Every structure is written in C-alpha cells, then in structure tokens.
Amino acid sequence: MNTKYQHVRYGLYSFAGIAVLFLIMKLFSLENNGYLRFLNVFIVFFFTNRLAKKNRQLDNDDNFLKAFGSLMLANVITVVLSVFSFVIYANFIEPDFINKFDGGIFWNNHVTIGQAAVVLFFEGMASALAVSFMNVLYWNERTPDNKCVPVEPAKE
C-alpha cells in the first residue's frame, strides 16, 4: 500500500485489533464484563499514535490540519467498520444479543439495533475526535523543530 494511504492501513489495523479483542472476549465468555471493553480505547490510541509517528517520519513539514485529518480519517474508518460489524453481529451471529442488552442509565430496556448503532457511532466519533486531537498535539509538541503551528513571538 502506498504511503499516501497510511490512514486507511492504520484504520484497518485498529479495527482488526478491536475485532480480535471482542472475539477473545466472546471465546472466553467475558463479553458481559464491561471493563474489558475499555481496552478498545487503548487499541485505538496505540494505532493512532503509530500513525502519527509514521506521518511525522514521512513528512516533517506536515501541517497541523493535515496531520489531524489523517488521524481522524483513520479513526473514522475504524468507527464505521466497528458499527457495521456490531450490526452484523447483532442481526446474524447472535440475534438474541439485543434482548439481553441491559439498558444502563441512558437506555430503557427496549433498545433497537438501529438505536444502539447510532449511539455507538456518535460515541465512537467523539472518541475518534479526542484521540486524534490528543495525538496530534502530542506529536506537535514533541518535535523540537515544530513547524506544524507557527507561533509568532509576542510583540511588546
């Protein structure tokens, strides 16, 4: 794959990592343990950080918006594929999943797959925005010859 499409590659890596996590949770009957689901944030953060590092190595003159856009696009790919996989899982692999879904504090007990997918999409997009922004800020501050955001000295 061309270096031009690194965001697609890392978006697919991140999705594959999340899929493997959930398959392992299903294999060991840990899908009801909600705390293990927080590991997907670490998976996304890991691959987003690797993409940011790769972008910095390939193009040191990268500007802030281009770097942020690349990370955000990779995370959007991850979110869309994850939501699509959730809908397939809930419809075809385990149709009884949505009936066993406890509402928690934000839901009633009559949740449809569409409602759950929409909420997962917006939750994933919010996480993608936060993770992308934190990573691009980290790599912006880390490089000594910072050219992402030019800052003019204060005039007296």
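**A predicted five-helix chain: questions and answers**

The secondary structure of the protein chain comes to 5 helices and 0 strands, where helices (H or I, at least four residues) and strands (E, at least two) are DSSP runs numbered from the N terminus. This is a predicted model, in which local features need pLDDT of at least 70 and side-chain atom pairs count only at pLDDT 80 or more, while totals for chains, interfaces and linings use all residues. Residues are numbered from 1 along each chain as its sequence is written, and side-chain values use heavy atoms, with hydrogens and water left out.

Reader: Which element of the protein chain has the highest mean pLDDT, and which the lowest?

Author: The predictor's confidence in each residue is expressed as pLDDT, from 0 to 100. Over the protein chain its mean is 83, and 81% of the residues reach 70 or more. Where pLDDT is low, the predicted coordinates should not be read in detail. Among the elements, the highest mean, 94, belongs to helix 1, and the lowest, 73, to helix 4 (residues 97–100).

Reader: Is His 7 buried or exposed?

Author: His 7 lies in helix 1 (residues 6–27). Leaving aside neighbours within four places in sequence, His 7 is in contact (heavy atoms within 4.5 Å) with Leu 51, Ser 70, Leu 73, Ala 74 and Ile 77. Buried means under 20% relative accessible area, exposed over 50%, and partly exposed in between, with a 1.4 Å probe and protein chains only. Because its relative accessible area is 15%, His 7 is buried.

Reader: At what angle do helix 1 and helix 3 pack?

Author: Two packed helices are described by the angle between their axes and the distance between the axes. Axes are lines fitted to C-alpha atoms, for helices over the stretch in contact, and angles run from 0 to 180 degrees between N-to-C directions. Residues of helix 1 including Gly 11, Phe 15 and Ile 18 meet residues of helix 3 including Ile 77, Leu 81 and Tyr 89. The axes of helix 1 and helix 3 are 8 Å apart, and the packing angle is about 35°.

Reader: How are helix 3 and helix 5 oriented?

Author: Helix 3 and helix 5 (residues 113–142) have axes 8 Å apart and pack at an angle of about 155°. Angles under 35 degrees count as roughly parallel, over 145 as roughly antiparallel, 65 to 115 as roughly perpendicular and the rest as oblique. Helix 3 is therefore, with respect to helix 5, roughly antiparallel.

Reader: Which residue forms a salt bridge with Lys 26?

Author: A salt bridge is a side-chain nitrogen of Lys or Arg within 4 Å of a carboxyl oxygen of Asp or Glu, and by this rule the count comes to 1. The pair links distant parts of the chain, 68 residues apart: Lys 26 in helix 1 and a partner in the loop between helix 3 (64–93) and helix 4. Lys 26 is partly exposed at 34% relative accessible area, whereas the partner is buried at 12%. With the closest N and O atoms 2.8 Å apart, that partner is Glu 94.

Reader: What is the phi of Ser 29?

Author: Ser 29 is placed in the loop between helix 1 and helix 2 (39–58), and counts as exposed at 57% relative accessibility. Most residues other than glycine have a negative phi. Ser 29 has a positive value, near 55°.
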